[in-house]
Amino acid sequence: MEKREEGKQGRPRGFGDRQRRGRGPPRERDEDRWFPITKLGRLVKGKVIENIEDIYKFALPIKEPQIIDQIFAIEKDGKKSSKLKDEVMKIAPVQKQTAAGQRTRFKAVVITGDENGHVGVGVKLAKEVQFAIKGALIAAKANLIPVRRGYWGAKLGNPHTIASKVKGHCGSVSVRLIPAPRGTGIVGAPVTKKILQLAGVMDCYTSSTGKTRTVENFIKACYSALKKSYKYLTPDLWKEWKIEEHPYSQFAEKELQLKETFALEKVAFDEKKANQQ
């Protein structure tokens, strides 16, 4: 039997380098490059707006999922990750009758949240499961909402339950959320528990009626209830608030500069990609 030719460091050729060398953090893939196309996207990428609460304060529509990715991004041990956690709650095949026969697609329901007062729900249909999950996650990020938390009894420590009783509907399903004492936990179905955990609610009583086996409607009803948590004007919100200037007018000049900068970056990126091909 022939002896395999040895390469550098006395290792046989053909086996490759089994240990990854220290080459720094992995390079950003071309498809991961983000060139914002909305005013809000440009202000977020330009680090003019860095807080999600500033977006909610002026009810700015979130049209790009990268906005949420950048705001909730954290760096740990030289690696980028996100504060958001996501969960695939349901994947179901759906059919449509056409002239050519039945067309089968897949519906995915995904929830996402940072376990600190923000949660979102997304639904997407696609021909393949992975595309349905990916699209649902993007929709969930775009539908991210703030959840108002409060106390049961004395206001000691961090908020642990919802601020008031709230109720949400979807289809035949109705969900009622009731504040609970500290240490109670989440009293409810597994679906409700998962949403409330991702929203950062630790203690809560729940009551549901209707066809709760329809998971999508059950999730949407709970999401609708959480969405109403900031709609009730409690006495602690009665104080006068200073009227602030809208970000789009306050940072109008900065936004135009960023628009030109990102447009030039996009042109340079496209030229580089064309040359590589």
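Accessible areas here come from the Shrake-Rupley method with a 1.4 Å probe. On that basis the chain exposes about 18,500 Å², and carbon and sulfur atoms supply 50% of it. Please keep in mind that this is a predicted model.

Some overall figures, then. The chain has eight helices and 12 strands. Of its 277 residues, 32% are buried. If we take contacts between residues at least 6 apart in sequence, 58% of them join residues at least 24 apart.

Now the interior. The largest nonpolar core has 28 residues. Which residues have the most contacts inside it? They are Val119, Leu177, Ile195, Ile219 and Leu226. At least two residues of this core come from each of the following: strands E4 (101-113), E5 (118-126), E9 (166-170) and E10 (173-179), and helices H5 and H6, the latter at 215-227. H6 gives the largest share, eight residues. There is also a second, separate core of 18 residues, which includes Leu43, Ile55, Tyr56 and Phe262. As background, nonpolar side chains in soluble globular proteins tend to be buried together.

Let me stay with Leu177 for a moment. Leaving out residues up to four places away in sequence, Leu177 touches Ile162, Ser164, Lys165, Val166, Thr192, Leu196, Cys204, Tyr205, Thr206, Ala225 and Leu226. Leu226 is another of the residues with the most contacts in the largest core.

Two of those neighbours, Thr192 and Leu196, bring us to helix H5, residues 190-199. Its buried residues are Val191, Thr192, Ile195, Leu196, Leu198 and Ala199. Why do they fall on the same side of H5? Because they cover an arc of only 160° around the axis. The general rule is that an α-helix has 3.6 residues a turn, so residues three or four places apart point the same way. H5 is followed by Gly200, which has a positive phi, near 90°.

Next, the charged pairs. A search of the whole structure finds nine salt bridges. I will go through some of them.

Glu255 and Arg42 meet through their side chains, at 2.5 Å from N to O. Glu255 is in helix H8 and Arg42 in helix H1 (residues 39-45), so this pair ties together parts that are 213 residues apart in sequence. Are these two residues buried or exposed? Both are buried.

Asp236 and Arg148 form another salt bridge, with their closest N and O atoms 3.1 Å apart. This pair also links distant parts of the chain, 88 residues apart. Asp236 sits in the loop between H6 and helix H7 (247-250), and Arg148 in the loop between strand E6 (145-146) and strand E7 (149-150). The two partners have unlike surroundings: Asp236 has 43% relative accessibility and counts as partly exposed, whereas Arg148, at 9%, counts as buried.

The third pair is within one helix. Asp270 and Lys266 form a salt bridge at 3.0 Å, N to O. They are four residues apart in helix H8, which means they are separated by about one helical turn. Asp270 is partly exposed, with a relative accessible area of 35%, and Lys266 is partly exposed at 35% as well. Lys266 has a distant neighbour too: its C-alpha atom is 6.7 Å from that of Phe35, although the two residues are 231 apart along the chain.

Finally for charges, Lys107, Glu216 and Lys220 are linked in a network of salt bridges.

On the surface, Val88, Ile91 and Val129 form a nonpolar patch, with about 190 Å² of accessible area together. Val88 belongs to strand E3, residues 85-98. With 35% relative accessibility, Val88 counts as partly exposed.

Last, the backbone. Most residues other than glycine have a negative phi. Where does this model depart from that? One case is Ala59, with a positive phi near 50°. Ala59 is in the loop between helix H2 (52-57) and helix H3 (65-71). At 63% relative accessibility, which is over the 50% cut-off, Ala59 counts as exposed. Another is Glu115, where phi is positive and near 60°. Glu115 is in the loop between E4 and E5, and with a relative accessible area of 39% it is partly exposed. E4 and E5, on either side of that loop, are among the elements that each supply at least two residues of the largest core.

Definitions and conventions
Residues numbered from 1 in each chain as written. Predicted model: local features only at pLDDT ≥ 70, side-chain atom pairs only at ≥ 80, totals over all residues. Heavy atoms only, no water. Buried < 20%, exposed > 50% of the residue type's maximum accessible area, 1.4 Å probe, protein only. Arc of directions from axis to C-beta. Patch = residues over 30% accessible without salt bridge, like charges linked within 9 Å, V, L, I, M, F, W, Y side chains within 5 Å. Salt bridge = Lys/Arg side-chain N within 4 Å of Asp/Glu carboxyl O. Core = buried A, V, L, I, M, F, W, Y, C linked by side-chain atoms within 4.5 Å. Contact = heavy atoms within 4.5 Å.
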